[in-house]
Amino acid sequence: MTIKVVRGNPTPEELAAALAVVRARAVAAASAPPGAPSPRDSWSDPARIAAHRLPQPGPTAWGRTYWPG
């Protein structure tokens with residue numbers, strides 16, 4: 001595995017910290033059983049975007065779409 005710094009000039013401590021994270025992720029990925037689903041990332045969770053439920057359709061739904069109160 002080759003790591004290449006494209007921008008910036010990291011200190012040896014910063015580079016060591018980044019490599020430790022990459023190695024830990026690689027070990028975790030290698031130790032997972034084959035075919036196991038990966039854990040969902042919170043960034044891909046649809047609930048993060050839609051924090052509250054939309055009104056359900058019904059006879060009075062038109063009044064809840066725009067009118068305040």
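1. On the surface of this predicted model, a nonpolar patch is formed by Ile3, Val5, Leu15, Leu19 and Val22, whose accessible area together is about 350 Å². One of its members, Val5, lies in the segment before α1, and its relative accessible area of 40% makes this valine partly exposed, because that value falls between the 20% limit for buried and the 50% limit for exposed residues.

2. As for exposure over the whole chain, buried residues account for 1% of the 69 residues, while the accessible surface amounts to about 6,900 Å², with carbon and sulfur atoms contributing 63% of that area.

3. The secondary structure consists of three helices and zero strands, so that, read from the N terminus, the order of elements is α-α-α.

4. Confidence deserves a separate remark: the mean pLDDT of the chain is 77, and 68% of the residues reach at least 70. The highest confidence is found in helix α1, which spans residues 12-31 and has a mean of 90, whereas the lowest is in helix α3, residues 61-65, where the mean is 62.

Methods. Residues numbered from 1 in each chain as written. Predicted model: local features only at pLDDT ≥ 70, side-chain atom pairs only at ≥ 80, totals over all residues. Heavy atoms only, no water. Helix = DSSP H or I, 4+ residues; strand = E, 2+ residues; numbered from the N terminus. Buried < 20%, exposed > 50% of the residue type's maximum accessible area, 1.4 Å probe, protein only. Areas by Shrake-Rupley, 256 points an atom, 1.4 Å probe, with all protein chains shown as cover. pLDDT = per-residue confidence, 0-100. Patch = residues over 30% accessible without salt bridge, like charges linked within 9 Å, V, L, I, M, F, W, Y side chains within 5 Å. Salt bridge = Lys/Arg side-chain N within 4 Å of Asp/Glu carboxyl O.
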